[in-house]
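The following exercises concern the structure shown below. Each task is followed by a solution that proceeds step by step.

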Amino acid sequence: MTLSPRQTKIILAIGAPVLALVAAFLITSLVLILAGDDVGGVWGQILSLPNHRGYVNIINAATVSTCRRSRSRSASG
């Protein structure tokens, strides 16, 4: 079965990012194993969604950070 050039481009466009993600997961897991950390626990924390309070904290931190930057720019300008 021969793939057309269009099919090849589509496969590469999808395959390259997937391969990059798999490589990143594997390398990170290997580093965690070598460091003696709980791989499952770390990935569970990274891939979990924050609770409602977590969203509020994220938005507050982003807002405070943005306000500080704009104040420092206006004070120095």
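For helix pairs, angles under 35 degrees count as roughly parallel, over 145 as roughly antiparallel, 65 to 115 as roughly perpendicular and the rest as oblique. The model is predicted.

**Exercise 1.** Determine the secondary structure of the protein chain and the order of its elements.

Solution. The protein chain holds three helices and zero strands. Read from the N terminus, its elements follow the order α-α-α. Of its 77 residues, 6% count as buried.

**Exercise 2.** Identify the helices in which confidence is lowest and highest.

Solution. Begin with the protein chain as a whole: the average pLDDT is 87, and 83% of the residues score at least 70. Next, consider the elements: helix α1 (residues 5-35) has the highest confidence, at a mean of 95. Helix α3 (residues 52-76) has the lowest, with a mean of 76.

**Exercise 3.** Classify the arrangement of α1 and α2 as parallel, antiparallel, perpendicular or oblique.

Solution. Two packed helices are described by the angle and the distance between their axes. The axes of α1 and helix α2 (residues 39-47) cross at roughly 135 degrees and come within 9 Å. The two helices are therefore oblique to each other. Their crossing is right-handed.

**Exercise 4.** State which residues form the contact between α1 and α2, and describe their chemical character.

Solution. From α1, the contributors are Phe 25, Thr 28, Ser 29, Leu 32 and Ile 33. From α2, they are Val 39, Val 42, Trp 43 and Leu 47. By character, the residues of this contact comprise seven nonpolar, two polar and no charged.

Terms used:
Residues are numbered from 1 along each chain as its sequence is written. This is a predicted model: local features need pLDDT of at least 70, side-chain atom pairs count only at pLDDT 80 or more; totals for chains, interfaces and linings use all residues. Side-chain values use heavy atoms; hydrogens and water are left out. pLDDT is the predictor's confidence in each residue, from 0 to 100. Helices (H or I, at least four residues) and strands (E, at least two) are DSSP runs, numbered from the N terminus. Axes are lines fitted to C-alpha atoms, for helices over the stretch in contact, and angles run from 0 to 180 degrees between N-to-C directions. A crossing is left-handed if the near helix is turned anticlockwise from the far one by less than a right angle, and right-handed if clockwise. Contact means heavy atoms within 4.5 Å. Ala, Val, Leu, Ile, Met, Phe, Trp, Tyr, Cys and Pro count as nonpolar, Asp, Glu, Lys and Arg as charged, and the others, Gly among them, as polar. Buried means under 20% relative accessible area, exposed over 50%, partly exposed in between (1.4 Å probe, protein chains only).
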